[in-house]
Amino acid sequence: MTHRNWLTTGVVCAAIAFVIATGAFFHSQQPASADSRAMILAVDPQPLVAVTKGGERSFSVEIADTSAKREAGLMFREEMADNHGMLFVFEEPRDVSFWMKNTPMPLDLIFVGQDGRVRAIKQGEPQSEAMISPGEPVRFVLELKAGTAARGGIEDGDLLRHPAIGTAHN
């Protein structure tokens, strides 16, 4: 009888170990925003172009067009190329607020209307929980490394062109 109890105990322990290992595997496959790893999205094949008084500026962008992607954004990202950013796409114009919690890089947040025109440019301080908002409804937000907008001559009223923006006002 004792041999049977040891066998049962061994089978139960093996089953518990299997469940724990399976759970750990599937947990590691989830989006990384909640576990202090950066979410890296595919770079869109089409560049985003900012049309400024000084000429056009081109950026490679990742597109955050779902709630999960927008919530994770650039959190935990420690570096990014000067000509790279993330374009947040909302289904319709709305009042939006961003914060920089869990974001170690300072950023420019460029708020863009339905028509592709820049409505406001705000600075985001690393790790801050202060809310950043343009004060009016927008359809898009472009996040770039801090200072990129000023260096590129991007100002309120400038036009941003990208297929995700181009289809917005059709």
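Colleague: In this predicted model, which residue of S5 is the bridge partner of Ile110?

Modeller: Ile110 belongs to S4, where it is buried on one side together with Asp108 and Val112. Strands S4 and S5 run antiparallel and are joined by six bridges, and in S5 the bridge partner of Ile110 is Ile121.

Colleague: Which residue takes a positive phi in the hairpin of S4 and S5?

Modeller: The two strands of this hairpin run antiparallel, and five residues stand between them. Among the residues of the hairpin, a positive phi near 85° is taken by Gly116.

Colleague: How many of the residues of S4 are buried?

Modeller: In a regular strand the side chains alternate between the two faces of the sheet. On one side of S4 the residues Leu107, Leu109 and Phe111 are buried, and on the other side Asp108, Ile110 and Val112 are buried as well, so that both faces are covered. Strand S4 is therefore largely enclosed by the rest of the structure, the count of buried residues being six of the six.

Colleague: On its pairing with S6, which residue is the bridge partner of Leu107?

Modeller: Strands S4 and S6 pair in the antiparallel sense over six bridges. Within S6, the bridge partner of Leu107 is Lys145.

Colleague: Where does Thr148 lie, and which residue offers the backbone oxygen that lies 2.7 Å from a polar atom of its side chain?

Modeller: Thr148 lies in helix H3, which covers residues 148–151, and it counts as buried because its relative accessibility is 7%, where the cut-off is under 20%. Leaving aside neighbours within four places in sequence, Thr148 is in contact with Phe59, Asp82 and Asp108. The backbone oxygen that lies 2.7 Å from a polar atom of the Thr148 side chain is that of Lys145.

Colleague: What is the order of the strands in the open sheet, and which strands stand at its edges?

Modeller: The open sheet has seven strands with mixed pairing, in the order S5-S4-S6-S3-S2-S1-S7. The twist averages 30° from one strand to the next. Each edge strand has a single partner strand, so one side of it is left without a neighbour in the sheet, and these edge strands are S5 (118–124) and S7 (159–161).

Colleague: In what sense do S2 and S3 run, parallel or antiparallel, and which residue of S3 is the bridge partner of Ser60?

Modeller: Strand S3 is joined by six bridges to S6, with which it runs antiparallel, and in that pairing Val89 stands opposite Phe140. Strand S2 (residues 55–64), by contrast, is joined to S3 by five bridges, and these two strands run parallel. The bridge partner of Ser60 in S3 is His84.

Colleague: Which residue of S7 stands opposite Val49?

Modeller: Strand S1 (residues 48–52) pairs with S7 in the antiparallel sense over three bridges. Opposite Val49 in S7 stands Arg161.

Colleague: Which residues touch the most other members of the largest nonpolar core?

Modeller: The largest nonpolar core holds 20 residues, and the elements that give two or more residues to it are strand S3 (84–94), strand S4 (107–112) and strand S6 (138–145). Setting aside neighbours within four places in sequence, Phe98 is in contact with residues including Phe88, Phe90, Ala130, Met131 and Ile132. A second, separate core has 17 residues, among them Ala50, Val61, Val118 and Ala149. In the largest core, the residues that touch the most other members are Phe98, Leu109, Phe111 and Val141.

Colleague: Is Thr103 buried or exposed, and what is its relative accessible area?

Modeller: Thr103 lies in the loop between S3 and S4. Apart from neighbours within four places in sequence, Thr103 is in contact with Leu74, Met75, Phe76, Pro126 and Gln127. Thr103 is buried, because the cut-off is under 20% and its relative accessible area is 4%.

Colleague: What is the phi of Asn102, and what is its relative accessible area?

Modeller: Asn102 also lies in the loop between S3 and S4, and although it is not a glycine it has a positive phi of about 65°. Asn102 is partly exposed, with a relative accessible area of 26%.

Methods: Residues numbered from 1 in each chain as written. Predicted model: local features only at pLDDT ≥ 70, side-chain atom pairs only at ≥ 80, totals over all residues. Heavy atoms only, no water. Core = buried A, V, L, I, M, F, W, Y, C linked by side-chain atoms within 4.5 Å. Buried < 20%, exposed > 50% of the residue type's maximum accessible area, 1.4 Å probe, protein only. Helix = DSSP H or I, 4+ residues; strand = E, 2+ residues; numbered from the N terminus. Contact = heavy atoms within 4.5 Å. Polar contact = N/O pair within 3.5 Å; in protein donor to acceptor, adjacent residues only side chain to side chain. Pairing = 2+ DSSP bridges. Axes fitted to C-alpha atoms, helices over the stretch in contact; angles between N-to-C directions.
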